[in-house]
Amino acid sequence: MASSPDEARASSPLWKVVGASLIGTTIEWYDYFLYGTAAALVFGKVFFPNSDPLTGTLLSFLTYAIGFAARPLGALVFGHFGDRIGRKRLLVVSLLLMGGATTLIGALPTYHQVGVAAPIMLTALRLVQGFALGGEWGGAVLLVSEHGDQRRRGFWASWPQGGAPAGNLLAAGVLSLLTTVQSDATFLAWGWRVPFLLSALLVLVGMWIRLAVDESPLFKQALAQAEARRAAQHASAPAEQPPLVAVLRHHWREVLVAMGARLAENISYYVMTTFVLAYAVGHVHLPKQTALNAVLIASAVQFALIPVFGALSDRVGRKPVYLVGAVGVGIWAFAFFGLVDTRSFGSLVLAVTVGLVFHSAMYAPQAAFFSELFATRMRYSGASIGAQFASVAAGAPAPLIATALLKDYGSSTPISVYVAIAAVLTVLAVLCARETRGRDLGTIEPAGTVDPAPSPAEGPAADAPSAGKPAVA
């Protein structure tokens with residue numbers, strides 16, 4: 001029999017689930033962003049030393065972008081099995097894959113040691129990182145979304161999103177510390193390896209925490225109901241559709257909305273946190289330490305703001321908060337590079353921080369927003385596909401396109417236009433979506449239709465599935 005809502009919710013305490021998701025995503029994003037930061041500052045010299053500095057950076061960012069190509073595959077594989085066997089197991093697998101690949105990057109030989117085999121091995125490990133992250137995001141945010149109540153879902157589901165700035169903060173912080181205590185020669189010789197090798201220790205911590213939480217109660221309830229339906233049907237009844245097929249059949253509009261919503265969020269983030277390091281050091285000629293410290297400060301501010309914007313989306317809706325972020329980042333892109341060009345540390349901090357404030361307004365409600373678009377038995381696939389397929393067109397080429405535009409035009413204006421165009425597309429996508437705040441995740445129909453959002457006056461009773469309606473798709 002299907003478990004009752006009360007039984008389904010009698011699992012790990014919400015704070016424990018939130019903590020496990022936040023720590024796990026922080027470790028995964030640390031691994032992923034560490035590569036991006038090293039690509040901007042180190043890999044061009046270590047793995048592509050025969051190129052001029054800007055071309056070396058471009059090639060380094062190319063290997064960085066290749067990792068995004070594996071993220072849709074990770075979304076498909078992890079989404080399929082996450083919707084079939086559960087969220088928790090897949091999150092453990094993703095953490096092991098990411099940590100293993102990152103640790104091995106720290107042990108790679110350089111171009112001077114093994115020649116072209118070095119960048120090939122680097123690229124292969126980057127693909128493993130991308131595959132793991134493609135499955136991580138959907139599982140982490142769903143585990144929290146499906147444990148909590150709908151009235152504060154935006155707040156609680158935003159905490160795993162905090163893993164991105166926390167991971168970036170950790171990665172930039174470790175590299176910043178090493179560049180402070182080591183000479184450039186020592187850092188290039190072996191110092192850059194230390195943050196990658198530290199990943200092995202972080203993964204052990206993440207595994208211990210993730211194994212201590214329970215499976216999503218909504219998923220367990222949905223699985224039990226699906227099994228009960230199959231048992232009641234005739235043996236010749238058609239088998240349940242694979243999650244991917246079900247998503248593309250019933251939720252294709254929602255997938256397109258999620259992809260469009262990701263464009264400005266993804267592009268602006270990688271331009272303002274990854275490309276800005278290469279721009280500040282290589283074009284504006286600021287010290288590496290200065291650029292890293294600016295990203296550190298901005299990431300700390302963003303980490304504090306994400307739950308604030310998540311809570312705001314619970315009060316005013318996902319769409320208004322998201323739209324403010326998209327419009328803001330499109331306008332700010334034109335002030336961003338002008339501030340960096342002043343070569344003032346304060347202006348650099350202001351540029352990155354304000355950019356990440358607007359990014360937070362999109363990123364914070366995104367977890368709850370995407371979760372509320374899809375039915376339970378296809379939610380992992382739907383949210384992951386929408387998010388990760390967009391990353392191939394958005395985040396993957398963003399530093400690459402920005403570097404190429406700078407090389408071709410010698411100006412930051414085309415880069416600002418690039419970010420602004422992405423912002424326009426995101427605004428249009430979000431305007432096409434229905435407001436999802438207040439949806440009961442257990443009553444979302446497979447065709448994507450849901451009941452209107454309950455009014456605040458309905459109180460705690462709104463948390464229970466509506467009478468007479470199926471609990472899940």
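## Salt bridges across the chain

There are 8 salt bridges in this structure, which is a predicted model. One of them pairs Arg379 with Glu146, and their closest N and O atoms sit 2.9 Å apart. Arg379 belongs to helix H19 (residues 379-393), while Glu146 is in the loop between H7 and helix H8 (153-161), so this pair ties together parts of the chain that are 233 residues apart in sequence. If you go looking for the two partners, don't search the surface: Arg379 is buried, and Glu146 is too.

Another bridge brings together the side chains of Lys288 and Asp184, at 3.6 Å from N to O. This one also links distant parts of the chain, with Lys288 in helix H16 (residues 288-316) and Asp184 in helix H10 (residues 184-191), 104 residues apart. Lys288 has a relative accessible area of 18%, under the 20% cut-off, so it counts as buried.

## A bridge and a network

Next up is the salt bridge between the side chains of Arg318 and Asp314, at 2.8 Å from N to O. Arg318 is buried, with just 1% relative accessible area. Asp314 comes in at 11% relative accessibility and is counted as buried as well. Elsewhere, salt bridges with shared partners join Asp83, Arg87, Glu146 and Arg379 into one network.

## A look at Arg87

Arg87, a member of that network, is found in helix H5 (residues 87-105). It's buried, with a relative accessible area of 0%. Its side chain makes a polar contact with the side chain of Asp83 at 3.0 Å. The Arg87 side chain also reaches the backbone oxygen of Gly82, again at 3.0 Å.

So who else is around? Leaving out residues up to four places away in sequence, Arg87 touches Gly82, Gly139, Leu142, Leu143, Glu146, Glu215, Ser216, Phe219, Thr376, Arg379 and Tyr380. Two names on that list, Glu146 and Arg379, are the partners in the 2.9 Å salt bridge.

## Gln129, tucked inside

Is Gln129 buried or exposed? Gln129 is buried, and its relative accessible area is 0%. You'll find this residue in helix H7, which covers residues 117-145. Setting aside residues up to four places away in sequence, Gln129 touches Asp31, Tyr32, Tyr35, Met98, Ala101, Thr102 and Ile105. Among these, Met98, Ala101, Thr102 and Ile105 fall in helix H5, which runs over residues 87-105.

## Lys319 and the residues it meets

Lys319 is found in helix H17 (residues 318-341). With 16% relative accessibility, Lys319 counts as buried. In sequence, Lys319 and Arg437 are 118 residues apart, yet their C-alpha atoms are 8.8 Å apart in space.

Which residues does Lys319 touch, leaving aside its neighbours within four places in sequence? Lys319 is in contact with Val430, Leu431, Ala433, Arg434 and Glu435. Val430 and Leu431 lie within the span of helix H21 (residues 413-431).

## A nonpolar patch on the surface

Over on the surface, Phe334, Val417, Ile421, Val424, Leu425, Leu428 and Leu431 form a nonpolar patch. Together these residues have about 640 Å² of accessible area.

Which helix gives the most to the nonpolar patch? That's helix H21 (residues 413-431), with 6 residues. Ile421 is one of the patch residues, and it lies in helix H21. Leu431 is worth a second glance: it is part of the patch and is also in contact with Lys319.

Note on methods. Residues are numbered from 1 along each chain as its sequence is written. This is a predicted model: local features need pLDDT of at least 70, side-chain atom pairs count only at pLDDT 80 or more; totals for chains, interfaces and linings use all residues. Side-chain values use heavy atoms; hydrogens and water are left out. Helices (H or I, at least four residues) and strands (E, at least two) are DSSP runs, numbered from the N terminus. Buried means under 20% relative accessible area, exposed over 50%, partly exposed in between (1.4 Å probe, protein chains only). Contact means heavy atoms within 4.5 Å. A salt bridge is a side-chain nitrogen of Lys or Arg within 4 Å of a carboxyl oxygen of Asp or Glu. A polar contact is a pair of N or O atoms within 3.5 Å; within protein, one must be able to donate a hydrogen and the other to accept it, and residues adjacent in sequence count only if both atoms are side-chain atoms. Patches are made of residues with over 30% relative accessible area and no salt bridge: like charges are joined within 9 Å, nonpolar side chains (Val, Leu, Ile, Met, Phe, Trp, Tyr) within 5 Å. Accessible areas come from the Shrake-Rupley method with a 1.4 Å probe; for residues, only the protein chains shown count as cover.
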